[in-house]
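Colleague: Could you take me through this model and show me how to read its features one by one?
Modeller: Gladly; let us put it on the screen and begin with the charged side chains.

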Amino acid sequence: MRQAGRVLPEYREIRKKFDLLSITRNSDLAAEVTLQPVNKFDLDAAIIFADIVTPLHGIGVELDIVEGVGPVIANPVNSYVDLNILREIEPNEDVPYILDSLSRVRESLPSNKALIGFAGAPFTLATYLIEGGPSRNYSKTKSLMYSDPKLWHELMIRLSRIIASYLRSQVTAGADIVQIFDSWVGWLSPSDYSKYVKPYIEKIIQDISDIDTPVIYFGTGTSTLLRLIKDTGVDVVGVDWRIPLDEAWATLGYDVAVQGNLDPAALLGPFSVIESKTKSIIECTNGRPGHIFNLGHGFIPNTPLESIEFLVDLLRQSGAKSMQPTSQR
Ligand code: CP3
């Protein structure tokens, strides 16, 4: 999630001089910013610094990432002609800087720390492309999905192809694991998820199955979608804080790993609240292997650094194990 950007003073310093897209296009800066939170908090994994709209920007979709707003698209998609902006991606030519950042980070990251590559999921990217930016209820997206299923299909297929090539290239460049962010998919009912989203997640998983890299799939508000998400064949399911972790895991089944799910807002509360909520998540796992501790969504701006330090110390004391070195997996 948007971890470094929201809280670290050293990141904010760099951001005073460069906008987000410029950082992603400068591999020196992107590598530095990627490593900042890992070095500061001795985290087990680094997530490459980019945004979900980075590959779209790479193929020439006109967009900006506006502070306090998120991605804003210059020419939103609402017809077949508009789809022409979504050509196939050639990662080596369209996003060489991301691949370069990944290789650099992998080189300087200790072998017992994982490097996570990522992409936005087709649905979540489609919401930005159709709405033109963030949305309160995704009405334009749903309207297109229901009224022109053929156009929806064409849009989702194009996005799925871009995402699969982009993820594949990130693994070649050095990512140990990839994460697909479907942040806004929880606005769909299970039947709409099955019909309008699931086939495309399955297609992406199938397209990259030969590279034998674990895939994490994350969404918010997905309590009612968990079984369907598991059916897509992902290896790890990220869950937000709205559902107790034990309930989510029981629903998914224990043959899939889980990631989550501390409410980021807990870090705005006193240490006692952080402690009780964190312990309750650990208890939910019942000592079972296959849990990656994480927030249930991205950090909230102005989260106190001491709260993050307190959380990491707490997890280390609780016996949470660090990741295995890549070579031992
Ligand atoms: O944290 C990291 O360093 C990893 C890099 C990362 C960013 N975006 C950079 C970024 C990752 C993994 C993302 C994913 C992303 N981007 C998602 C999926 C995960 C999630 O949080 O739901 C989504 C939906 C986006 C789109 C996006 N980009 C939003 C909604 C925003 C927030 C706008 C705001 O300022 O509130 C962004 C901006 C963004 N992308 C920031 C960072 C570090 C915010 C800080 C900044 O402007 O520097």
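Colleague: Which residues are linked with Arg-12 in a network of salt bridges?
Modeller: Arg-15 and Glu-67 join Arg-12 in that network. Keep in mind that this is a predicted model. Over the whole structure, the search finds 18 salt bridges.

Colleague: How should I read a single bridge, say the one of Arg-87?
Modeller: Start with the distance, then look at the burial of each partner. Arg-87 pairs with Asp-94, and their closest N and O atoms are 3.0 Å apart. Arg-87 has 37% relative accessibility, so it counts as partly exposed, while Asp-94 is buried at 11%.

Colleague: Where do the two partners Arg-106 and Asp-176 lie along the chain?
Modeller: Arg-106 belongs to helix H7 (residues 96–108), and Asp-176 to the loop between helix H10 (149–173) and strand E5 (177–182), so their pair ties together parts that are 70 residues apart in sequence. The salt bridge between these side chains is 2.5 Å from N to O. Both Arg-106 and Asp-176 are buried.

Colleague: And Lys-230 with Asp-255: what is the N to O distance in their salt bridge?
Modeller: It is 2.5 Å. Here Lys-230 sits in helix H13 (residues 226–231) and Asp-255 in the loop between helix H14 (245–252) and strand E8 (257–262), so the bridge ties together parts 25 residues apart in sequence. The burial of the partners is worth a look too: Lys-230 counts as buried at 19% relative accessibility, whereas Asp-255 is exposed at 63%. The cut-off for buried is under 20%, so the 19% of Lys-230 falls within that class.

Colleague: Let us turn to the rings. What describes a pair of aromatic rings?
Modeller: Two quantities do: the distance of the centres and the angle of the planes. In this model the count comes to 9 aromatic pairs. Take Tyr-146 and Tyr-196: their ring centres are 5.9 Å apart and their planes stand at 70°, so the pair is edge-to-face. Tyr-146 lies in helix H9 (residues 139–147) and Tyr-196 in helix H11 (residues 190–196), so this contact of rings ties together parts 50 residues apart in sequence.

Colleague: Is Tyr-196 buried or exposed?
Modeller: Tyr-196 is buried, with a relative accessible area of 8%. Its partner Tyr-146 is partly exposed, at 43%.

Colleague: Which arrangement do the rings of Phe-271 and Phe-310 have?
Modeller: Their centres are 4.2 Å apart and their planes make an angle of 10°, so this pair is stacked. The pair links distant parts of the chain, with Phe-271 in helix H15 (residues 271–285) and Phe-310 in helix H16 (residues 305–317), 39 residues apart. Phe-271 is partly exposed, with a relative accessible area of 39%, and Phe-310 is buried, with 19%.

Colleague: Which residues do ring pairs link into a cluster?
Modeller: Phe-118, Phe-181 and Phe-218 are the members of that cluster.

Colleague: Rings can also meet charges. Which rings have Arg-288 over their face?
Modeller: There are Trp-249, where Arg-288 lies 5.3 Å from the ring centre, and Tyr-254, where the distance to the ring centre is 3.8 Å.

Colleague: Now a residue without charge or ring. What does Leu-226 touch?
Modeller: Leaving aside residues up to four places away in sequence, Leu-226 touches Val-237, Val-239, Ile-243, Ala-248, Thr-251 and Leu-252. Leu-226 is placed in helix H13 and is buried, with a relative accessible area of 0%. Its C-alpha atom is separated by 24 Å from that of Ile-47, which is 179 residues away along the chain.

Colleague: To finish, how many helices and strands does the protein have?
Modeller: The secondary structure comes to 16 helices and 9 strands. The radius of gyration is 19 Å, close to the 20 Å that the globule rule gives for 329 residues, so the protein is as compact as a globular protein of that length. Along the principal axes, the C-alpha atoms fill a box of roughly 55 × 45 × 40 Å.

Colleague: What share of the residues is buried?
Modeller: Buried residues make up 54% of the 329. Among contacts between residues at least 6 apart in sequence, 72% join residues at least 24 apart. The accessible surface comes to about 14200 Å², and 50% of that belongs to carbon and sulfur atoms.

Technical notes:
Residues are numbered from 1 along each chain as its sequence is written. This is a predicted model: local features need pLDDT of at least 70, side-chain atom pairs count only at pLDDT 80 or more; totals for chains, interfaces and linings use all residues. Side-chain values use heavy atoms; hydrogens and water are left out. Rings of Phe, Tyr and Trp (its six-membered ring) pair if their centres lie within 6.5 Å; planes under 30 degrees apart count as stacked, over 60 as edge-to-face and the rest as tilted. Helices (H or I, at least four residues) and strands (E, at least two) are DSSP runs, numbered from the N terminus. Buried means under 20% relative accessible area, exposed over 50%, partly exposed in between (1.4 Å probe, protein chains only). A charge sits over a ring if NZ of Lys or CZ of Arg is within 6 Å of the ring centre and within 35 degrees of the ring normal. The radius of gyration is taken over C-alpha atoms; the globule rule is 2.2 Å times the number of residues to the power 0.38. Contact means heavy atoms within 4.5 Å. Accessible areas come from the Shrake-Rupley method with a 1.4 Å probe; for residues, only the protein chains shown count as cover. A salt bridge is a side-chain nitrogen of Lys or Arg within 4 Å of a carboxyl oxygen of Asp or Glu.
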